[in-house]
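Open your viewer and get ready to make a few selections. We will take this one stop at a time.

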Amino acid sequence: MDIFLQQLINGLTLGSVYAVVALGYTMVYGIIQLINFAHGEVVMVGAMVALTVIGALAASGSMPPFLILTAGVLCAVPVCMILGYLLERVAYRPLRGAPRLAPLITAIGVSIILQHVALLIFSRNPRSFPQIVANPVFDIGGASISAVQIAIMLISLAMMAALTFVVYRTRLGMAMRATSENPAVAGLMGIDINRVITFTFVLGAALGAMAGVMVGTYYGIAHYKMGALLGMKAFSAAVLGGIGNLGGAMLGGLLLGVVEALGTGYIGDATDLCNVEWLSTALAERCADQGHMILFGSNYQDVFAFVVLIIVLVFRPSGLLGERVGDRA
Amino acid sequence: MTRLLDVAGLTVAYGGIVAIRGVDMHVDQGELVALIGANGAGKTTTLKALAGMLTPASGSIRYDGVEITGEVSHRLVRRGVALVPEGRGVFARLTVHENLAMGAYIRADRDGIAADLDRVYGLFPRLEERRAQTAGTLSGGEQQMLAIGRAMMCRPRLLLLDEPSMGLAPLMVQKIFEVIAAIAAEGVTILLVEQNARLALQAAARGYVMESGVITLTDSSAALLGSEQVRQAYLGE
Ligand SMILES: Nc1ncnc2c1ncn2[C@@H]1O[C@H](COP(=O)(O)OP(=O)(O)O)[C@@H](O)[C@H]1O
Ligand SMILES: [Mg+2]
């Protein structure tokens, strides 16, 4: 098996999901300079709703699998859109003029509240993805790629293309860009900026719902705490690419997914002390006994995202595609 | 003549600090009126309140016979009130063409928009040459042209101009004032705020002088240009 190719495929799959979630962070930031920490929880709600619906329909039998999946998506997306709408209306809009720390703390608070509401509704037990569709695995160049992986990459790509079209080719997208640059002047053009902000939240939440369904399907499981780490990584991806920048979020997400997967694939070998020449004699006995003496195993997977983030930010504080802070007057 | 804009006792405060107090002024349909005053006098505050960007603490603004006090900016544009803000406020990351399209955001008449776009490009050929460039790459003068052109794209009845000559080279200032005169000649009512009092009063028929948030003097431009007070304080004589 080709480890590199395999981890690249896994990384691109996960990275697509990060990218879609990162778009939600970056769009909201671009419009109102708020880091919506509750976005990860929106993704979690999307996954929980979808898997609950899919589980229930699968148990009742009779429906064709494809319809069951579609029903899951068709429930998760509107639920998350409403959630995104309510978040903005109830939690953030009243704080629009407040010092920046206030909405930030609120965002963190909302994310904790959403976790606990999800705990109450869905219980502590994870929802699992029922075995309703076959997930054939294809072999390409010594690595394998599953139908679910292909679907995740294609759907993410389609959503990113659609979003880019909306933002750069439609009247509403132009209003979004104008509002992001200068809300007061956008108002002078006749744009109701509250509507643009609402739209941005709802659109980001819809993408988040799709990401939730995809990640739930990929791992076959969803639980009330999944949004925290996923959200953190996607947020890192957005910062990595340059927060506020759509292309940056996509690039950052994919990059983070790939780095994470490759790191996970290689770190075990790289930190196997038995491979270090000058140590191997000292450790000869243990190495002969166990074959490996690994310092950092693949359980360090979740660390990579943040290590990469820190390294990039040291050299490019505004992210890969971000503008210098001074440009955003 | 009909009164297009009628302001009475307008007071605006920034969180308790009063910036303008009891401002009375009016602009008739088709007039070009200047509002002059030193830096910090309250001219920008006045225009922002008229354009719905600031909510007055008290007083009334009547436009076209209707009370519009407290109406927000995105609604006022639909009534025909356009502001070219101080410092231009072009969307730097949007192209020249997109900026002009934003100006026509409230309109749906494709043919009319296309005609007005031609008219703006006719007034400012430089903008047409740079139509695909982002506005941030334009010179200060070109950005001012763009800001004025963008405001024209909504077909305003009342055009509020906040220091259009600020920071521009003399030749560009002249060009901008020619365009303002051309717009006024088309029948658009204009309230022009300027620190460059001489130019403003030469372009306008009447003027108001503002000092520390209060209107201290109003007269015909000729009278203001001749007044001792204005000559000493604003014309540097
Ligand atoms: N956003 C603001 N917050 C507080 N005070 C302000 C603000 N903008 C202007 N001011 C104050 O209001 C007064 C009038 O300012 P402004 O209307 O900008 O004057 P002008 O346009 O005539 O130079 C000044 O004293 C200024 O310091
Ligand atoms: Mg001013």
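Which protein donors does the magnesium ion (ligand 2) have? Select the ion in this predicted model, then show B:T44 and B:E86: the donor atoms are OG1 of B:T44 and OE of B:E86, lying 2.0 to 2.2 Å from the ion. Colour chain B by secondary structure next. B:T44 sits in helix α1 (residues 43-50), while B:E86 belongs to the loop between β6 (81-84) and α3 (96-103), so the pair ties together parts of chain B that are 42 residues apart in sequence. Are these two buried or exposed? B:T44 counts as buried because its relative accessibility is 19%, under the 20% cut-off. B:E86, at 37%, counts as partly exposed.

Now move to chain A and select residues 147-169, helix α5. With 23 residues at 1.5 Å each, this helix should span 33 Å, and its end C-alpha atoms are 32 Å apart, which agrees. Show side chains along α5(A): the buried ones include A:V148, A:I152, A:M159, A:L163 and A:V167. Residues three or four places apart on an α-helix point the same way, because there are 3.6 residues a turn. To see what covers the buried residues of α5(A), add α1 (3-32), β3 (143-146), α6 (171-181), α8 (193-219) and α10 (246-270) of chain A, which are among the covering elements.

For the last stop, keep just α1(A) and α10(A) in view. Their axes are 6 Å apart and the helices pack at an angle of about 145°, in a right-handed crossing. Colour their contact by residue class and you will find 19 nonpolar, 10 polar and 1 charged residues.

How values were computed. Residues numbered from 1 in each chain as written. Chains lettered and ligands numbered in written order. Predicted model: local features only at pLDDT ≥ 70, side-chain atom pairs only at ≥ 80, totals over all residues. Heavy atoms only, no water. Donors = N, O, S within 2.8 Å, 3.2 Å for Na, K, Ca; no water. Helix = DSSP H or I, 4+ residues; strand = E, 2+ residues; numbered from the N terminus. Buried < 20%, exposed > 50% of the residue type's maximum accessible area, 1.4 Å probe, protein only. Expected span 1.5 Å × (residues − 1). Contact = heavy atoms within 4.5 Å. Axes fitted to C-alpha atoms, helices over the stretch in contact; angles between N-to-C directions. Left-handed = near helix turned anticlockwise from the far one by under 90°. Nonpolar A, V, L, I, M, F, W, Y, C, P; charged D, E, K, R; others polar.
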